[in-house]
Number of protein chains: 4
Amino acid sequence: MGKAHGHAYHTVHSMFPDCPKPRMKVIVGRDRAHAERMAELFGWEEVSTNWEEVVRRADIDAVDVSVHGALHAPVAIAAAQAGKHVLCEKPLANTLAEAQAMLDAVRKAGVVHAIQFNYRRVPAVVLARQIIDEGRIGEIRHFRAVYLQDWAMGDVPAVWRFTKSEAGSGSLGDLGAHIIDLCHYLAGDVAEVSGALETFQKERKAIEGGGSVPVTVDDAALVIGRLSNGALASFEATRFAPGRKNHNRFEINGSKGSLWFDLEDLNELHFYSLDDPAHLRGFRNISVTERAAHPYMANWWPEGHIIGWEHSHTHMIHDFLQGVAKGESPRPNFEDGVKCQAVLDAVERAASSRKWETVSAGAARAR
Amino acid sequence: MGKAHGHAYHTVHSMFPDCPKPRMKVIVGRDRAHAERMAELFGWEEVSTNWEEVVRRADIDAVDVSVHGALHAPVAIAAAQAGKHVLCEKPLANTLAEAQAMLDAVRKAGVVHAIQFNYRRVPAVVLARQIIDEGRIGEIRHFRAVYLQDWAMGDVPAVWRFTKSEAGSGSLGDLGAHIIDLCHYLAGDVAEVSGALETFQKERKAIEGGGSVPVTVDDAALVIGRLSNGALASFEATRFAPGRKNHNRFEINGSKGSLWFDLEDLNELHFYSLDDPAHLRGFRNISVTERAAHPYMANWWPEGHIIGWEHSHTHMIHDFLQGVAKGESPRPNFEDGVKCQAVLDAVERAASSRKWETVSAGAARAR
Amino acid sequence: MGKAHGHAYHTVHSMFPDCPKPRMKVIVGRDRAHAERMAELFGWEEVSTNWEEVVRRADIDAVDVSVHGALHAPVAIAAAQAGKHVLCEKPLANTLAEAQAMLDAVRKAGVVHAIQFNYRRVPAVVLARQIIDEGRIGEIRHFRAVYLQDWAMGDVPAVWRFTKSEAGSGSLGDLGAHIIDLCHYLAGDVAEVSGALETFQKERKAIEGGGSVPVTVDDAALVIGRLSNGALASFEATRFAPGRKNHNRFEINGSKGSLWFDLEDLNELHFYSLDDPAHLRGFRNISVTERAAHPYMANWWPEGHIIGWEHSHTHMIHDFLQGVAKGESPRPNFEDGVKCQAVLDAVERAASSRKWETVSAGAARAR
Amino acid sequence: MGKAHGHAYHTVHSMFPDCPKPRMKVIVGRDRAHAERMAELFGWEEVSTNWEEVVRRADIDAVDVSVHGALHAPVAIAAAQAGKHVLCEKPLANTLAEAQAMLDAVRKAGVVHAIQFNYRRVPAVVLARQIIDEGRIGEIRHFRAVYLQDWAMGDVPAVWRFTKSEAGSGSLGDLGAHIIDLCHYLAGDVAEVSGALETFQKERKAIEGGGSVPVTVDDAALVIGRLSNGALASFEATRFAPGRKNHNRFEINGSKGSLWFDLEDLNELHFYSLDDPAHLRGFRNISVTERAAHPYMANWWPEGHIIGWEHSHTHMIHDFLQGVAKGESPRPNFEDGVKCQAVLDAVERAASSRKWETVSAGAARAR
């Protein structure tokens, strides 16, 4: 993620001249040599291994928190307390309590905050929201999403993502968080859930020193739920789906039409409308690359010249920088982060209680 | 369904010369005029409105039960008791108790029995099973299926399918039963489930006499489950998905590969294999139309000349007639019907208890 | 083709009650045993090996000419002279002169005539024509089509299709004729062409007796052309495209929109309209299965329950039988057959002269 | 194109650390204000409006020629004579004579040269070449490509691309050149062609001063040809295909398999192999995003995280900069440019003579 964010800061002003050109002041890493390489490649002026110092420096205005989950809360809260604007990777924290503390901190400090639910800023996803806001699919009845990958299959060793104390959860927080946030953005608030979590591969070889290490997070998560507006929702996340590399696919059915999207083909949105004449109805494959008609696309290439995954980050960082310039938190921000965290929390409770569980109301209030 | 079955009996011998040519003796219907029209079109020799009489006639060998759910048990049991072979539409019955009584009846009578889970007999689905049996996708970890339609939206009046006493359930039994059966065929037995049922449109206009009638079945069903082999499963059925006409889509992920299928494009099967060289891996779109290589296709047209939905019925009826000739019940049969019914039963219990529920073991025993 | 036609006559009245039920009087074949098998399967009442006798029988009203190309003219002309209505397989003849003689014969006899350019009667293709007639794609500028197969690769022996004296031509008449006819139906008359013909495999093993036989027809044909309305057209036919089984794909671009179609997915039509709002434009995948909205589909299955390739024949034969009942030749008929033949003729001249060649005006006049 | 190149120079070293970091010395433009904006955005150190001066400056090592076609030859030749390495946009020139003069100039000067046929550097296209080189599709028999766009429809005014003296040709050189080059890269040398050029919209409104201006280039080009290895080829380019934004699609059929690709979905390659078991054959959709297996992708994002169109430029410029570092011209270079130009030249001759024309042998020699 450091690479994707570095690339975005490095290029955002080139493509969006209206966006302030960020001064890339310091990159912080545990591994100084790695941080130095990143600095050389993306143009960070300095390198540090001490985040506590850096987040308090007077010449720093904003902090980008791209570390593993267990450090989100300490870094973000310290930064807010030092009066810095904060952009944080997702999910916001490893627990709901941490996430709420983070939201409290940025609110109290009055700083601009944002969360890198970058898939909200894919042009096709923004267009989906616009189509919904225009009333074109009517009242929403179904939101269904899967986020399938296969990278964890085979011999992958016990990196931090497989350890609960560092990552919080597995596929649920890593992948599920994205599709739950997309549901919040596009369809409505999740009110209650039932779910299952599963770890297919119980042990993995240690990164160092030989031997094996227990996997303490989920490899897959199955969730069904109801939204507060009465719609039904389903979410599935897994790291064990051969051939699915980054298959974040959602479909929304409303009273007047439907939408679907697949992140592996992120320049397209599929839209079906009951308003079309009966003999002409069909899912339209919209190439969301029209300079004159589609979100963010005026700044890119000619029609049909597709953009890549990294620009979901570019757009989110564009929005954050614009937010900093205007003194206003963009969406999604820490409130969205807390709301998503409350759903993750309810899923974990449901997987354990084997019953439907209600999403914490306090969190929902945040919207 | 009467039309689809009539068409199948009328054409099966033409395309499958090895299959006994059925003598289409009597068609029974509540509406004599309609039954007479069907007789004229498909070649039924006689027409009756009295099924009790017909199922006992000495010149009848086999009975095809294509009536609404509430009549499945009475007709099938009477037929079995009269020593007739029985083919029954799905789901087997409106309740698990009825379904078990039907299975008891055919077992006791020693007749050939089959259930019209016709999607098992789509060539691409049979090929999926073959690929699994060949070990090509390894150990199964995920089965996910949706069956989405949109015909119930809008002004559709209160036909029998919206009344619990006649139909048993709504989308669950009508659509969900198919994908649960496909799970049993391809991935393994469903052991436990959690679920939700929803009725979006609470009333519909009466077919006759004006006024409106309450809808007593589900418009949509969401189910998550675990198979007895440890795999995760999800099922979703709805009649409220605009643009989805007959979208029965499943995906199976194993330890070595994946498969997916969509009934609206039923001549194709999609297969991904980790055994392929790394740079060549991708989902193959297999056109399941090879005369020399694919199930049932030697009897149809040249390669790439696709077959239609109705031939899933033709193949099932072919298998039933062959079964009658050999005195052996084909698959799927009433045992498969009971097993599916036990899952439907568990889903209804789970939707009501708001907890995970175990699928009845007695039913599972049937396999 | 005998099997596809037999199947169509056997089932057309079942599905289209408005269509006269044909009495399947006599099947004629060179191989009596084979003809007897077909008679048993599809219900032909008698079998003969003498077409000259049969076409003159008083109890015969109509003759279906499904024989190899060299016999089209003799059979069709004899049938017409005997006052029989005639349906002929495509291409109409092996030469333009023969085709014109056949058209003269049916005109002189005043019989109903039709040509089995069955792809005109695929519902999605009829819908394409309807969309064009409604003015929805505007003035046509491009028609491009390919018809790709792969059955001739490998060890296929020297069947009649590889011999010019029997088949007339190879991929050009077998596949190219279909897409040229679709151009005539949908886009306009071909006025002039340039082209190339190629035989990749110069010899094939003889069917009997060992040894090899020269291939005297083309394996592939490339054609570019101009329509009389000023549009550009391209056609490609080959039997040497691995993985392409029955890939008849066309695309039409007009001043206001586009259409495309692929025969391997024949229940779908793809339509793009510049009349849509700019942010919603995209190719619609229309599932041409709406009972209330799409050609021929009221007589088939519920929405999304696809039909197979054979029903392009069923529909054409339906139209022919209706034509016989009304005493009016349906479209496409021998006039369309001659017009197509004139293009095939021009392509063969162009491939030989290595120049652009004009399509015979006499033929075009036939429309 | 200035924007795409600027972006590539700005980011190439960030993503490809092995690639020398270019010093972006001077940007030259006719419009100083515009050049200054580009300099600010992408980091060019200086701005000039005088290319003659700049190409001779001692502190310049390499010149990137991204101007309209009529200036390619003067700039590139002057740069070569001044001993600068040269990267030139495509097509190489407006005429074959100019192109040959350019090749002579870089050869004589001994400088590194390259041509921005950037689609050769799309990872999926490089993979296609690798699959061909591995012998997986066997001997090539067909190359067919279309490059369809729709931007010229409607009210687009008479920009330089519509004037022969500036652009050389229309769709032929702009779009056709790309697919002809892909044929040379993947399938073999074009030996002879027949073709047609068409201008649908004969006049366009002037950019300034009102009134209309004649269009002197083609809106569409149709070409059929033979390769020197005996394969057949077809090429179609148009700017009048509604809904086709950047639809550069090719298919290659060989004796053992097939490949196809569509630039609007540039992260995928489709591959069919007759070496697969018969029941498993199908076009594989390869997501060309495997870090460990696919060209260029080790430097980008995780699997399934797609890259955008602009990185075909990034990769080409990466190769050019590596070439400069090593003192070796990468492929494609001016030789490939001349070879493509010879085909464009033959197409123009054929469109005029209405006969097949041979591609100039002198040009082919260049390989």
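Me: Happy to look at this predicted model with you. What covers the buried residues of α2(D)?
Reply: The cover includes α1 (2-15) of chain A, and from chain D it includes α1 (2-15), β1 (26-28) and β2 (46-48).

Me: Which residues of helix α2 of chain D are the buried ones, and what makes a residue buried?
Reply: They are D:Ala35, D:Met38 and D:Phe42, in the helix that spans residues 32-42. A residue is called buried because 20 or more other C-beta atoms lie within 10 Å of its own.

Me: How do you know on which side of α2(D) they sit?
Reply: The three cover an arc of only 60 degrees around the axis, so they are on the same side of α2(D).

Me: And what does the face turned away from that buried side carry?
Reply: That face has D:Arg32 and D:Ala33, which are exposed. The word exposed applies because 12 or fewer other C-beta atoms lie within 10 Å.

Me: What happens just after α2(D)?
Reply: D:Gly43 takes a positive phi there, about 95 degrees.

Me: Now for chains D and B: how many residues does each give to the contact?
Reply: Chain D gives 16 residues and chain B gives 16 residues. On the chain D side, strand β15 (residues 283-287) supplies the largest share, five residues. By class, that side has eight nonpolar, five polar and three charged residues.

Me: Why are β15 of chain B and β15(D) called paired strands?
Reply: Pairing needs at least two bridges, and three bridges join these strands, so they pair. The two run antiparallel, and the bridge partner of B:Arg284 in β15(D) is D:Arg284.

Note on methods
Residues are numbered from 1 along each chain as its sequence is written. Chains are lettered from A and ligands numbered from 1 in the order in which they are written. This is a predicted model: local features need pLDDT of at least 70, side-chain atom pairs count only at pLDDT 80 or more; totals for chains, interfaces and linings use all residues. Helices (H or I, at least four residues) and strands (E, at least two) are DSSP runs, numbered from the N terminus. The arc is that of the directions from the helix axis to the C-beta atoms. Two residues are in contact if their C-beta atoms, placed from the backbone, lie within 7 Å. Ala, Val, Leu, Ile, Met, Phe, Trp, Tyr, Cys and Pro count as nonpolar, Asp, Glu, Lys and Arg as charged, and the others, Gly among them, as polar.
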